[in-house]
Amino acid sequence: MLSGSLTGERTAMAIYKSGAYLTQSQDAAFDAEHEPGGAVPHSGIYRCMGCGREVVAEESRKLPPQNHHEHSSAQGKIRWRMIVYADHKPK
Ligand SMILES: [Zn+2]
């Protein structure tokens with residue numbers, strides 16, 4: 001968690017300082033939802049679409065399992081979506 005100034009107004013989204021290091025993309029990889037415990041297709045930041053929790057996941061490993069954190073019934077089950085792709089091989 002970052003220092004206090006961000007916590008009170010936090011809107012449950014990934015936070016960054018410089019947009020110079022991020023590029024907007026329409027790649028379909030950002031639309032796919034992944035099951036808890038499933039394979040990580042690309043390294044990056046993944047968001048739980050039920051509650052907004054974010055995790056870092058590494059390619060070829062597994063996404064956090066269903067018991068990673070608790071949801072209310074309204075939040076439904078955990079499903080992960082990549083929100084930031086980490087480029088391990090920049091050109
Ligand atoms: Zn969640």
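**Exercise 1. Find how many helices and strands the protein has, and give their order.**

Step 1: Count the elements. This predicted model has 1 helix and 4 strands.

Step 2: Now read along the chain. Starting at the N terminus, the order is α-β-β-β-β.

**Exercise 2. Work out how strands S2 and S3 are arranged.**

Step 1: Locate both strands. S2 covers 44–48, and S3 covers residues 54–57.

Step 2: Look at the pairing. The two strands run antiparallel and are joined by 4 bridges. Try finding Gly44 in your view: Ala57 in S3 stands opposite Gly44.

Step 3: Follow the link. S2 and S3 make a hairpin, with 5 residues between them. In the turn, Gly52 has a positive phi of about 90°.

**Exercise 3. Identify the residues of the largest nonpolar core and the strands that supply at least two of them.**

Step 1: List the members. The largest nonpolar core holds 7 residues: Tyr46, Cys48, Ala57, Leu63, Ile78, Trp80 and Met82.

Step 2: Match them to strands. At least two residues of this core come from S2, and at least two from S4 (80–85).

Step 3: Zoom in on one member. Leaving out residues up to four places away in sequence, Leu63 touches His34, Pro36, Gly37, Gly38, Val40, Tyr46, Ala57 and Trp80.

Step 4: Place this in context. Nonpolar side chains tend to be buried together in soluble globular proteins.

**Exercise 4. Describe burial and contacts across the whole protein.**

Step 1: Check burial. Of the 91 residues, 9% count as buried.

Step 2: Check contacts. Take those between residues at least 6 apart in sequence: 58% of them join residues at least 24 apart.

Note on methods: Residues numbered from 1 in each chain as written. Predicted model: local features only at pLDDT ≥ 70, side-chain atom pairs only at ≥ 80, totals over all residues. Core = buried A, V, L, I, M, F, W, Y, C linked by C-beta atoms within 7 Å. Buried ≥ 20, exposed ≤ 12 C-beta atoms within 10 Å, placed from the backbone. Contact = placed C-beta atoms within 7 Å. Pairing = 2+ DSSP bridges.
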